[in-house]
Amino acid sequence: MNRPSPLQEILEDALSEKGVRLWVKRDDLLHPEISGNKWRKLKYNLLEARRLGYKILLTFGGAYSNHIAAVAAAGKEFGFATIGIIRGGQILPRNPTLSFAEHCGMRLQFITRTTYRKKDQPGFLESLKTRFGDFYLLPEGGTNALALRGCAEIIDELESQTDLLPDYICVCCGTGGTAAGLVAGLNGRQHMMGFSVLKGSFLKTEVASFLENYGVTFQNWSVETSYHFGGYAKFRPELIDFINDFRQKFDIPLDPIYTGKMFFGIFDMIKKGRFQKGTTLLAIHTGGLQGIEGFNARFGNLIVTHKSNS
Ligand SMILES: *Cc1c(COP(=O)(O)O)cnc(C)c1O
């Protein structure tokens with residue numbers, strides 16, 4: 001469906017001093033609106049929905065969700081009606097994410113956090129079918145076996161671009177579906193290093209169980225749990241400074257919820273000497289840039305959204 005996303009090397013003294021090389025796979029450039037890993041996760045789901053003759057996609061997410069934005073845009077592009085079930089109360093005026101989703105034609109339904117917890121229960125899903133018609137269900141975050149398959153393809157694509165796979169493939173983890181897909185694609189080779197953007201160590205269990213459901217068991221992966229900055233969507237000034245510097249130095253935009261935390265973690269680990277001389281790393285830029293506008297609106301234009309010439 002797409003050309004390979006570009007590879008870009010990060011040239012920086014702090015890395016070369018440690019004898020480490022770092023590339024970025026720019027999945028944020030895959031598609032202007034269905035960005036990054038959400039594109040990878042949706043690909044086979046959209047094909048399946050079409051094959052089965054569905055006209056409606058229904059999914060779940062928070063009010064700033066990259067997944068909600070991606071499903072809305074994908075519905076518009078590929079001719080599905082879309083319904084977004086949003087966690088928490090009605091939001092008026094709409095934030096940039098929800099306003100974008102509605103512009104794409106997504107119908108939004110706001111439900112309480114308590115009701116939202118029922119999102120995987122058959123009875124609740126039946127009641128949604130009665131209300132909205134028969135739909136193809138995309139789970140929260142878009143993670144299912146078809147999503148793993150789409151993410152595994154990142155590795156095939158990488159192999160078509162390089163002679164030698166890098167030692168580490170790095171990715172940030174929300175549900176852990178993308179990380180699990182990468183492990184599946186690596187098929188026992190190299191090492192997948194996930195960076196949890198949520199507090200706690202449950203993502204290790206999640207990735208393991210996605211792999212098990214996918215029918216594979218591999219040990220060549222790990223999840224770093226010390227770069228969440230206090231939890232999902234939490235941040236500290238040093239993260240914001242890092243993101244703004246990164247854009248200025250390398251001309252690569254990062255988002256504060258996912259990719260900023262991963263790159264912060266990668267740089268921190270390199271500086272601390274966690275990788276041997278000669279190690280090569282590749283980080284997947286999973287996109288998520290649509291979230292910056294809403295983040296800036298909430299917290300006061302912290303993220304610089306252009307490269308200054310000074
Ligand atoms: C959704 C998202 C993730 C998390 O992906 P999972 O497969 O849920 O772990 C990572 N990065 C970005 C930019 C995202 O939008």
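Two strands are taken to pair if DSSP finds at least two bridges between them. Strands (E, at least two residues) and helices (H or I, at least four residues) are themselves DSSP runs, numbered from the N terminus. The model is predicted, so local features need pLDDT of at least 70 and side-chain atom pairs count only at pLDDT 80 or more, while totals for chains, interfaces and linings use all residues. Residues are numbered from 1 along each chain as its sequence is written, and side-chain values use heavy atoms, with hydrogens and water left out.

A good place to begin is the six-stranded sheet. Here 6 strands form an open sheet of mixed pairing, in the order 1-2-10-7-8-9. Strand 1 (7-10) and strand 9 (221-224) stand at the edges with a single partner strand each, so one side of each has no neighbour in the sheet. On average, neighbouring strands of this sheet are turned by 25° against each other, direction ignored; axes are lines fitted to C-alpha atoms, for helices over the stretch in contact, and angles between N-to-C directions run from 0 to 180 degrees. Strand 8 (residues 191-196) runs parallel to strand 9 and is joined to it by 4 bridges. Within this pair, G194 stands opposite V223 of strand 9. Helix 8 (residues 177-186) lies across strand 7 (168-173), strand 8, strand 9 and strand 10 (280-284), and runs at about 160° to strand 7. Contact here means heavy atoms within 4.5 Å.

The ligand brings some of these elements together again. It is surrounded by 15 residues, of which the closest are K38, K41, T175, T178 and T286; a residue counts as near if one of its heavy atoms lies within 4 Å of the molecule. Helix 2 (36-51), strand 7 and helix 8 each supply at least two residues of this shell, and the largest share, 3 residues, comes from helix 2. By type, the shell divides into 3 nonpolar, 10 polar and 2 charged residues. An oxygen atom of the ligand is 2.6 Å from an N or O atom in the side chain of K41, and an oxygen atom of the ligand is likewise 2.6 Å from an N or O atom in the side chain of T175. At G174, a polar backbone atom is 2.8 Å from an oxygen atom of the ligand. Taken alone the ligand exposes 380 Å², and the protein buries 97% of that; accessible areas come from the Shrake-Rupley method with a 1.4 Å probe.

A further open sheet has 4 strands in the order 5-4-3-6, with parallel pairing. Its edge strands are strand 5 (107-111) and strand 6 (136-138), each of which pairs on one side only. Neighbouring strands are turned by 20° against each other on average, direction ignored. Strand 4 (residues 81-87) and strand 5 run parallel and are joined by 5 bridges, with G84 opposite L108 in strand 5. Helix 6 (residues 122-132) packs on this sheet, touching strand 3 (56-61), strand 4, strand 5 and strand 6, and its direction makes about 135° with that of strand 3.

Two backbone details in loops complete the description. The peptide bond from L92 to P93 is cis, with omega near -10°, and P93 lies in the loop between strand 4 and helix 4 (96-103). F229 has a positive phi of about 55° although it is not a glycine; its place is in the loop between strand 9 and helix 10 (237-250).

How values were computed: A polar contact is a pair of N or O atoms within 3.5 Å; within protein, one must be able to donate a hydrogen and the other to accept it, and residues adjacent in sequence count only if both atoms are side-chain atoms. Ala, Val, Leu, Ile, Met, Phe, Trp, Tyr, Cys and Pro count as nonpolar, Asp, Glu, Lys and Arg as charged, and the others, Gly among them, as polar.
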